[in-house]
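I opened a new notebook page for this structure. My entries follow.

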Amino acid sequence: MLTAGEYSNHSWPLQPETSLTELNLPRVLCILSSMLEKLVARNEKLVDILSQQLDGLNCGSVRLGNSLNTFHGVRAPSISIPKYLERIYKYTNCSPSCFVVGYVYIDRLTHRHPDSLVTSLNVHRLLVTSVMVASKMLDDEHYNNAVYARVGGVSNTELNKLELELLFLLDFRVMVSSRVFESYCFHLEKEMVINGTGMKIERALTPKAMDDLETEISVEDKQSPSPPQIVD
Amino acid sequence: MWNEESDWIGSFDSQLARLAECRMCSRDRGERPDATGMDLEVLEVAEEGSYGRVFRCLDIHTGALVTMKQITMVRLSQGVPAPIIREVSLLKELHHANIVKLLRVGLTENRYVNLVFEHLDYDLHHFIVNRGYPKDALTVKSFMYQILSAVAYCHSLKVLHRDLKPSNVLIDHSKRLIKLADFRLAGEFADDLLYTEKLGTSWYRAPEILCDSRQYSTQIDLWSVGCIFAEMVIGQPLVQAINCRDELEGIFKLLGTPTEETWPGITKLMPNLHIYYPKFDALGLETFVTDLEPSGLNLLSMMLCLDPSRRISAEAALKHAYFIDVNYVSLLLL
């Protein structure tokens with residue numbers, strides 16, 4: 001399950017010091033992980049400040065909206081956001097556009113449910129679920145939930161539940177037009193310029209070639225990748 | 001598009017202000033709407049679909065007839081089937097008089113996703129087969145105009161239907177109103193988009209897809225509309241074959257085996273074209289589609305054009321001379 005803990009040395013093929021940019025990975029992963037890390041850090045600081053203020057007023061603890069409760073883990077997973085995004089990309093073969101569209105879904109969630117925050121307790125589950133739904137929307141050929149569950153470190157049953165939760169929280173509004181997609185790409189790039197890294201995102205809304213794969217491969221299929229387990 | 005107030009990665013202060021407005025110490029929001037009961041009385045099982053059952057129901061609150069598609073998530077490994085997500089998300093965005101209305105979506109027992117649609121009497125396939133097809137030329141014209149209106153609307157939003165056929169065209173008999181349904185294979189298109197599935201029912205599938213092209217656009221829907229048009233006039237599918245190869249052969253017999261002159265790029269798309277298919281001379285649409293006025297036949301030939309780049313668009317088709325005597329006022333009032 002996706003809980004606190006490290007990858008065992010034998011199970012993770014990359015050296016810890018290898019950065020996303022050194023690998024042949026889409027630039028969107030680097031941009032997105034940077035932004036999400038900042039967002040999570042800011043939100044957690046926010047919760048701390050509010051907790052302190054409420055403690056001072058003897059109002060009890062901070063009670064944020066429960067919209068994202070289903071995505072909450074007991075503890076924050078030890079795997080970093082960049083490593084987690086890299087893992088999803090590496091083992092699911094989804095197109096880079098799926099990460100931008102997944103980001104759109106998370107953005108829509110936070111606007112539809114402004115009392116709920118993206119934190120270290122829910123960001124990983126939100127990511128794997130939103131990227132998986134994006135892949136179902138964008139890619140004519142995609143892996144099924146069982147593969148995403150294995151890659152994401154959650155059970156198949158839990159991921160199915162998270163998928164339904166995401167769809168209903170978004171009122172099934174998961175269509176992203178080319179215009180909206182382009183504006184989010186521009187926004188992500190602008191954010192990187194502000195931070196001193198002028199990166200351009202891969203624009204093509206095209207599914208990656210998956211000639212050697214069947215549609216909807218199950219984890220038992222010999223052709224499906226066998227990602228290392230996320231261990232406690 | 002992004003300003004400091006609405007931006008989810010906006011300034012720290014705006015986040016703080018936004019959270020302060022929320023009722024953090026009050027009770028959290030209730031369950032999502034339609035999460036369990038759908039408030040429907042099931043009248044009958046209309047059909048067994050590929051993803052579950054279709055019910056004819058009565059809305060307890062309004063007394064209106066509705067159609068409920070119950071999608072069973074039988075395969076644990078699959079979750080919500082991708083075509084269902086596509087269909088629901090598209091129908092949430094598409095608002096047109098000639099596109100079926102999705103009224104609401106619900107969930108029961110975390111096992112069934114229920115899609116509640118407005119109820120229509122029957123589909124065009126049923127109309128053609130069981131009602132002796134629309135012999136009235138004006139009915140054909142009205143139906144065609146409405147189908148093209150819906151398709152043009154979809155294309156204006158960069159949406160391809162990708163599975164147009166008579167059974168996906170619903171009819172409100174009393175109003176003589178047409179509505180497109182079943183957007184499970186639909187999706188947004190882009191000029192450089194490569195599609196990787198063989199989509200649609202082969203009798204209504206465009207030749208470029210039958211030729212294994214993975215690059216196609218709005219023209220595929222127009223081919224399907226042309227096939228529907230012909231079927232409404234003659235009362236049966238124009239070309240009926242058991243597989244893609246036979247379907248292509250039937251099309252080539254009808255319209256002639258393509259050459260680089262008639263379809264530029266065909267030899268690159270199908271290098272073995274003349275090995276697999278004899279060089280047929282076109283029999284011509286007029287030999288099969290006999291009961292159609294000249295302007296209708298002209299429109300049909302523009303839809304059933306082998307070369308996708310020369311195929312008429314939905315928008316242009318609506319302006320065709322064939323529709324000059326359609327009662328636009330009555331169509332607008334539908």
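Which residue with a positive phi follows α4(B)? I looked it up: B:K158 follows α4(B), and its phi is near 60°.

I noted the ground rules. This is a predicted model, where local features need pLDDT of at least 70, side-chain atom pairs count only at pLDDT 80 or more, and totals for chains, interfaces and linings use all residues. Residues are numbered from 1 along each chain as its sequence is written, chains are lettered from A and ligands numbered from 1 in the order written, and side-chain values use heavy atoms, leaving out hydrogens and water. Helices (H or I, at least four residues) and strands (E, at least two) are DSSP runs, numbered from the N terminus.

Next I checked α4(B) itself. Its 20 residues should span 28 Å at 1.5 Å a residue (1.5 Å times one less than the residue count). The end C-alpha atoms are 28 Å apart, which agrees. I found 17 of the 20 residues buried (under 20% relative accessible area, 1.4 Å probe, protein chains only), so α4(B) is largely enclosed by the rest of the structure.

Then I looked at what α4(B) lies across. The helix, residues 137–156, crosses β8 and β9 of chain B, at about 35° to β9(B). Axes are lines fitted to C-alpha atoms, for helices over the stretch in contact (heavy atoms within 4.5 Å), and angles run from 0 to 180 degrees between N-to-C directions.

Last came the sheet. It is open, with three strands in the order β6-β8-β9 (chain B) and antiparallel pairing. Its edge strands are β6 (122–123) and β9 (177–180) of chain B, each pairing on one side only. Strands pair if DSSP finds at least two bridges between them; β6(B) and β8(B) have two. I also saw B:Y122 opposite B:I171 in β8(B).

Note on methods
Buried < 20%, exposed > 50% of the residue type's maximum accessible area, 1.4 Å probe, protein only.
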